[in-house]
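Here are some exercises for you to work through at your own pace. Each has a task sentence and a solution that goes step by step.

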Amino acid sequence: MQQATIKDLKAKRRALWRQRFMENWRVFMHNPLGRIGISLLIMFGLMAVCSYIPPMIDPMYHPMTGVDPKVVSSVGPSWQHWLGTDFMGRDIFSQLLAGARVAFLVGVSAAFMSVVLGTAVGMTAGYMGRFTDTALMRLADMIMVLPTLLVVLMLAALFGQLSIWMIVLMIALFRWPGVSRIIRAQTLSLKQRPFIDAARVSGASHLRIIFRHIMPNVLPLAFLYMTFRVTSAIVIEAGLAFLGFGDPGTVSWGMMLQWVWKTGHMFQAPYWLLPPGICISLITLSFYMLGRAMDEVLDPRLRDETQAG
Amino acid sequence: MSQSRENKTILQLERVSRFYRTRGNVFRGGGRLVVALNEINLSLRAGEIFGLVGESGSGKTTCGRLIVRLEEADQGCITLNGEDITHLKGKKLRDYRRQVQMVFQDPYQSLNPQVTIADSVAEPLITNKVGSPLDHMERVLKVLNTAGLSPAEDYVYRFPHQLSGGQRQRVAIARAIILEPSLLVADEPTSMLDASYSAQIFEILQGVRDKMGATIMFITHSMASARYLCDRIGVIYRGHLVEQGPAEQVINAPRHPYTKALIDATPKFGRAAEVPTYGTLLAAERPATTSAGCPFFRRCALAERLLCAGTYPPWHQVGPGQVALCHLLEDAAPAVNSG
Amino acid sequence: MALLTVENLGIGYQTAKGLLKAVDGVNFTLEPGHSLGLVGESGCGKTTIGMALMGLLPPNGRITEGRIILDGLEISAMSEDELRKVRWNKVSMIFQAAMNALNPVKRISAQMAEAIQVHRPEVDDHQAMERVEGLFNLVGLPLERLYDFPHQYSGGMKQRAIIAMALALNPKLVIADEPTTALDVIVQDQILKETKELQRQFNIGIIFISHDISIVADVCHQIGVMYAGQLVESGPAEEVFFNSQHPYTQALVRSFPTLAGPKTKLAPIPGEPPNLTGTIPGCRFCDRCPKDTASCKLDHPQWRQVGPGHHVLCDHC
């Protein structure tokens with residue numbers, strides 16, 4: 001083939017993907033939920049990135065170990081401490097920034113792991129069918145009926161303090177069944193579609209059908225569920241930390257709430273109680289809004305425009 | 001077509017049957033057995049376009065799926081060039097599918113929505129490990145041109161939803177012929193399309209036969225399309241092949257009452273005077289006492305109660321190369337071989 | 001007086017890429033008891049016209065110009081409340097996906113009775129059921145299947161039930177949008193015959209929308225051929241199909257296989273219909289037209305009369 005044609009084709013290919021991305025982006029941004037969600041997330045992302053700055057300015061701003069020597073009990077906002085300090089003189093603002101980092105870490109990694117697991121299980125069950133399907137789905141049912149928070153609490157009580165990574169892993173292990181059910185249903189319906197038959201007639205192996213033909217069609221859905229899973233992971237971690245079963249080595253928003261409560265500042269120090277509480281609500285809300293806007297991108301039926309018939 | 005090529009049998013179905021079991025449940029026990037195909041005998045000659053005509057649920061699609069081995073026959077034997085392919089597995093099945101390809105009914109469903117046209121069409125090359133990626137693109141462009149999508153460069157990097165139904169079906173045909181199969185099964189390729197696109201699809205299929213020498217099995221519900229495109233026609237009713245013969249003969253001189261009923265029901269488009277009305281269809285179905293009799297007994301206006309309800313009809317030779325499965329053809333000689 | 005008059009009708013859809021003019025400058029009239037067949041490819045605007053006649057355009061669609069006058073009432077200027085009184089009472093529709101138009105969890109008879117009572121609140125349950133039985137007889141459905149659920153019906157029976165529903169309130173106009181597309185030839189033939197019979201019996205006006213020219217040729221008195229949102233040829237069925245003047249109609253007829261007559265080579269129509277967002281200066285068919293000249297691309301073609309009641313939108317016929 002001529003060089004010129006190849007170059008031309010490559011340009012066409014790039015144009016196709018760019019066009020596809022722009023189209024989706026346009027639908028996404030067209031949705032007010034998408035716009036609010038993404039701006040909130042950018043804000044939290046900036047907070048997480050900025051969390052490295054205060055300790056560099058002065059070691060007393062370190063969220064865990066930095067203590068202002070001039071402060072002996074919790075004080076309100078000042079120029080030195082924008083949001084005030086906690087009971088031992090640690091800066092609340094830098095704790096809040098560090099909390100954003102932890103929330104992203106916990107939310108995204110736990111959600112990613114549970115979605116990868118759920119998608120793999122769901123696709124296997126849906127595609128293989130019969131015994132494999134039954135076995136995997138009953139396992140999923142069993143895990144699904146367990147109340148995650150309670151089980152993790154019990155495990156935490158059994159093993160003593162859990163590290164943040166153990167918490168992430170446990171959330172992932174307990175939250176995949178929901179994803180796998182949805183992916184399985186999607187796989188089942190995809191398996192019946194004629195393009196799968198067409199791939200078989202073309203000589204595609206089972207692995208190729210799963211990875212080349214089914215996966216691209218379930219991945220957007222899996223990605224969508226990931227945003228909802230992020231929300232639930234953040235809430236579970238916050239709950240654990242608030243109840244005193246968090247990782248004592250990290251500063252998460254749930255942890256901050258626990259300190260407020262444990263030191264009896266619940267109704268005395270709103271500058272301490274409100275910021276982490278509001279942050280938890282807002283970050284879960286923003287991931288939820290992101291998911292809703294993505295839903296519209298993925299499902300053309302939800303778009304408010306139709307073609308002429 | 002040369003005469004010698006026409007006579008060589010490429011595909012043969014011998015007494016092929018397929019049953020489905022309806023899903024039972026805990027309370028009713030196992031499901032009922034439904035016959036989708038009942039002892040079908042067919043043979044396709046090299047280089048011909050064979051039309052399989054029937055209504056939905058007649059088993060015509062099942063027949064196509066058995067041939068490309070998306071399903072397996074429960075009884076009987078299918079041979080391609082003398083080789084038994086009824087129960088092939090694994091590598092042998094993959095090799096077989098290089099020779100036999102299929103075009104599906106619904107072009108909106110038979111292309112993966114997440115895969116570009118280029119990748120969809122190249123799929124058979126990739127799975128069968130033919131040539132290099134650069135080779136692939138060259139062949140994809142060539143075959144898209146053959147399928148009437150030119151300039152092909154404009155189509156390769158698009159997604160299926162960016163094409164019209166007619167264009168999608170042409171992409172599906174391109175995918176099916178890229179390995180230059182010797183047999184192509186086209187399952188109602190035009191029934192989901194606008195009438196104006198059908199002629200394009202017919203033209204491409206004729207091109208595939210004439211230029212690539214492929215044999216085509218054209219599955220359709222339309223007698224008019226079958227007349228236009230096919231050399232020979234087989235008419236299928238509820239899993240039973242009831243008449244078979246050269247296209248012109250079957251349409252101009254149908255002998256089985258069901259074939260006649262189909263012709264009666266086809267809109268004539270201004271040519272009603274040239275087609276006789278047969279009136280072989282019973283307005284209301286009559287009850288059948290046994291299942292042993294003629295499959296068309298319930299709806300046949302000509303049926304004789306004793307003969308037709310009681311015994312399965314024999315094949316009659318009703319013209320040169322034309323056979324019909326009916327009791328009421330006294331003038332015709334019993335056919336020795338129905339295939 | 002004509003039952004239906006459509007004057008210079010234009011319908012647009014608001015899409016992300018701008019206003020899509022799905023229907024542009026369509027004129028036709030329909031006499032009581034007559035039938036008009038609208039044929040054309042998908043996307044030519046024929047279904048949109050049907051929806052507009054019912055006042056059922058989707059939220060992003062609206063009538064941009066022209067008028068629809070049904071039985072002396074101007075449909076195109078009516079509010080939703082007024083439309084509701086007209087719908088089913090005067091004009092009813094047999095939808096494209098009729099199979100899915102029935103509620104799967106309700107018995108057929110109950111659905112029909114409900115449809116009657118929603119539009120005629122004064123009818124009591126007993127009268128409604130009597131009417132349903134009458135309708136069953138009318139469309140040839142066996143009375144013992146009255147209390148079945150839709151999934152127990154075959155495709156043809158569901159279609160008959162839908163036709164019965166459309167006739168329930170004795171409308172003067174029925175819009176049939178591809179009513180037989182999903183059916184087998186034999187069932188299609190029966191239903192078309194019955195439709196013709198019912199039309200004759202009750203003097204109903206029918207607008208028959210289809211992409212299949214052989215069906216409309218069989219059923220309709222008048223034919224309107226649509227292309228890219230415009231009516232391009234209209235007239236009596238015989239005239240339009242067997243003395244076609246517009247190149248598009250000629251191409252449609254030539255691309256259609258027949259059961260009898262000489263086996264001529266079909267001539268496919270090359271290309272695709274134009275994109276309807278934005279304005280098209282000249283004739284819309286000229287990119288696919290064998291007769292096109294330089295002037296076709298520049299000027300709007302004019303309507304010309306080529307026979308009794310036979311009109312063509314083309315400057316070269």
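A residue counts as buried when its relative accessible area is under 20%, as exposed when that value is over 50%, and as partly exposed in between. Please keep in mind that this is a predicted model.

**Exercise 1. A pair in chain A**

Task: Find how the side chains of R90(A) and D86(A) meet, and decide whether each residue is buried or exposed.

Solution:
- Step 1. Take the distance: the side chains of R90(A) and D86(A) come to 3.0 Å, N to O, and they form a salt bridge. The cut-off for a salt bridge is 4 Å.
- Step 2. Take R90(A): its relative accessible area is 4%, so R90(A) is buried.
- Step 3. Take D86(A): the value here is 0%, so D86(A) is buried as well.
- Step 4. Recall the general background: side chains of opposite charge can pair when their charged atoms come close.

**Exercise 2. A pair between two helices of chain B**

Task: Work out which parts of chain B are tied together by R227(B) and E248(B).

Solution:
- Step 1. The side chains of R227(B) and E248(B) form a salt bridge at 3.9 Å, N to O.
- Step 2. Helix α9 (residues 223-229) of chain B holds R227(B), and helix α10 (residues 247-252) of chain B holds E248(B), so the pair ties together parts that are 21 residues apart in sequence.
- Step 3. With a relative accessible area of 5%, R227(B) is buried, whereas E248(B), at 34%, is partly exposed.

**Exercise 3. A pair within one helix of chain C**

Task: Say where E197(C) and R200(C) sit relative to each other in helix α6 of chain C.

Solution:
- Step 1. E197(C) and R200(C) form a salt bridge, with the closest N and O atoms 3.0 Å apart.
- Step 2. The two residues are three places apart in helix α6 of chain C, so about one helical turn separates E197(C) and R200(C).
- Step 3. E197(C) is partly exposed at 36% relative accessibility, while R200(C) is exposed at 62%.
- Step 4. For a wider view, salt bridges that share partners join D197(A), R200(A), R18(B), R65(B), E71(B) and D74(B) into one network. Over all chains, the structure holds 40 salt bridges.

**Exercise 4. The two domains of chain C**

Task: Describe how domain 1 and domain 2 of chain C meet.

Solution:
- Step 1. Set the bounds: domain 1 of chain C covers 4-90 + 171-313, and domain 2 covers 104-170.
- Step 2. The centres of these two domains, taken over C-alpha atoms, are 29 Å apart. Their contact takes 18 residues from domain 1 of chain C and 14 residues from domain 2 of chain C.
- Step 3. Between them, the domains bury about 1,300 Å², with 63% of it on carbon and sulfur atoms.
- Step 4. One salt bridge is found across this domain interface. The side chains of E194(C) and R160(C) form a salt bridge at 3.0 Å, N to O.
- Step 5. Helix α6 (residues 185-202) of chain C gives the most to the domain 1 side, with eight residues. By class, that side has ten nonpolar, four polar and four charged residues.

**Exercise 5. Chain C against chain B**

Task: Find how many residues each chain gives to the contact of chain C and chain B, and which residues of chain C lose the most area.

Solution:
- Step 1. Chain C gives 36 residues and chain B gives 40 residues.
- Step 2. The two chains bury about 3,400 Å² between them, 60% of it on carbon and sulfur atoms. On the chain C side, I186(C), L259(C) and K263(C) lose the most area to chain B, together 23% of what that side buries.
- Step 3. The rule finds one salt bridge across the interface of chain C and chain B. E272(C) and R170(B) meet through their side chains in a salt bridge at 3.6 Å, N to O.
- Step 4. Nine residue pairs are in polar contact across this interface, both residues at pLDDT 80 or more. The elements giving two or more residues to the chain C side are α6, α7 (213-219), α8 (237-242) and α9 (247-254) of chain C.

Notes:
Residues numbered from 1 in each chain as written. Chains lettered and ligands numbered in written order. Predicted model: local features only at pLDDT ≥ 70, side-chain atom pairs only at ≥ 80, totals over all residues. Heavy atoms only, no water. Domains from an automatic or database assignment. Contact = heavy atoms within 4.5 Å. Buried area = accessible area lost by both parts, 1.4 Å probe. Helix = DSSP H or I, 4+ residues; strand = E, 2+ residues; numbered from the N terminus. Nonpolar A, V, L, I, M, F, W, Y, C, P; charged D, E, K, R; others polar. Polar contact = N/O pair within 3.5 Å; in protein donor to acceptor, adjacent residues only side chain to side chain. Buried < 20%, exposed > 50% of the residue type's maximum accessible area, 1.4 Å probe, protein only.
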